[in-house]
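Thanks, everyone. I'll take the charged pairs, then one strand, then the sulfur link. Please look at the sequence and the model as I go.

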Amino acid sequence: QVQLVESGGGLVQPGGSLRLSCVASGHTFSSYAVRWFRQGPGKERELVATISSGGGTDYSDSVKGRFTISRDNAKNTVYLQMNSLKPEDTAVYLCNAGLLVVSSFYSWRYWGQGTQVTVSS
């Protein structure tokens, strides 16, 4: 099993940067794919970025070119570097981990508690 804890959120001005961390327990973390979601006030949960166990990445169009997802398996950590932040990036950001069980199907079983990002002047 995996336990996830997000950190790094806070208040930042438009155009600023933050780096979020998702720290996982478990020695099998390197086998997991990880996704970052966000949910702003009054909005649906949105998939932001994904990183596979092999390091492949994918991003939503809304953050592409501004956000970077990465992982450091030695530290059991996945990062979300967020640059050029906009007010519409304001949300609770959550990480989500899952195992590839067959073909391209994942079991997205584990969630962190979320960290608040507020972008405002």
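Start with Glu46 and Arg38: their side chains form a salt bridge, 2.8 Å from N to O. Keep in mind that this is a predicted model. Now the accessibilities. Glu46 is partly exposed, because its relative accessibility is 27%. Arg38 has 6% relative accessibility, so Arg38 counts as buried.

Arg38 has another partner. Its side chain also meets that of Asp89 in a salt bridge, again listed at 2.8 Å, N to O. Where do Asp89 and Arg38 sit in the chain? Asp89 lies in the loop between β8 (77-82) and β9 (91-102), and Arg38 lies in strand β4 (residues 32-39). The two are 51 residues apart, so this pair links distant parts of the chain. Buried or exposed, this pair of Asp89 and Arg38? Both are buried.

Now zoom out. Which residues do salt bridges with shared partners join into one network? They are Arg38, Glu46, Arg66 and Asp89. The general idea is simple: side chains of opposite charge can pair when their charged atoms come close.

How many salt bridges does the structure hold? There are 4. One of them pairs Asp61 with Lys64, and there the closest N and O atoms are 3.5 Å apart. Asp61 is exposed, because its relative accessible area is 69%.

Next, strand β8. This strand is mostly covered: of its 6 residues, 5 are buried. Which strands flank it in the pairing? Strand β3 (residues 18-24) pairs with β8 in the antiparallel sense, over 6 bridges. For the register, take Ser21: its bridge partner in β8 is Tyr79. Strand β7 (residues 67-72) also pairs with β8, antiparallel, over 6 bridges. Here the register can be read from Asp72, which stands opposite Thr77 in β8.

β7 and β8 also make a hairpin, with 4 residues between them. Look at Asn76 in that turn: its phi is positive, at about 55°.

Stay with Thr77, which is found in β8. Its relative accessibility is 5%, so Thr77 counts as buried. A polar atom of the Thr77 side chain lies 2.8 Å from the backbone oxygen of Lys75. What does Thr77 touch, leaving out residues up to four places away in sequence? Ser21, Cys22 and Val23 are on the list, and so are Phe29, Ser70, Arg71 and Asp72. Note that Ser21 and Asp72 came up a moment ago: Ser21 as the bridge partner of Tyr79, Asp72 as the residue opposite Thr77.

Cys22 on that contact list takes us to the sulfur link. The structure holds 1 disulfide. This disulfide joins Cys22 to Cys95, with 2.1 Å from S to S. Cys22 is in strand β3 and Cys95 in strand β9, 73 residues apart, so this is a link between distant parts of the chain. What is the hand of the disulfide? The torsion about the S-S bond is about 65°, so the disulfide is right-handed. Both ends are covered. Cys22 is buried, because its relative accessible area is 0%. Cys95 is buried too, with a relative accessible area of 0%.

To recap, three places to look. One is the network of Arg38, Glu46, Arg66 and Asp89. Another is β8, with β3 and β7 as antiparallel partners. The last is the disulfide of Cys22 and Cys95.

Terms used. Residues are numbered from 1 along each chain as its sequence is written. This is a predicted model: local features need pLDDT of at least 70, side-chain atom pairs count only at pLDDT 80 or more; totals for chains, interfaces and linings use all residues. Side-chain values use heavy atoms; hydrogens and water are left out. Buried means under 20% relative accessible area, exposed over 50%, partly exposed in between (1.4 Å probe, protein chains only). Two strands pair if DSSP finds at least two bridges between them. A polar contact is a pair of N or O atoms within 3.5 Å; within protein, one must be able to donate a hydrogen and the other to accept it, and residues adjacent in sequence count only if both atoms are side-chain atoms. Contact means heavy atoms within 4.5 Å. A disulfide is a pair of cysteine sulfur atoms within 2.5 Å.
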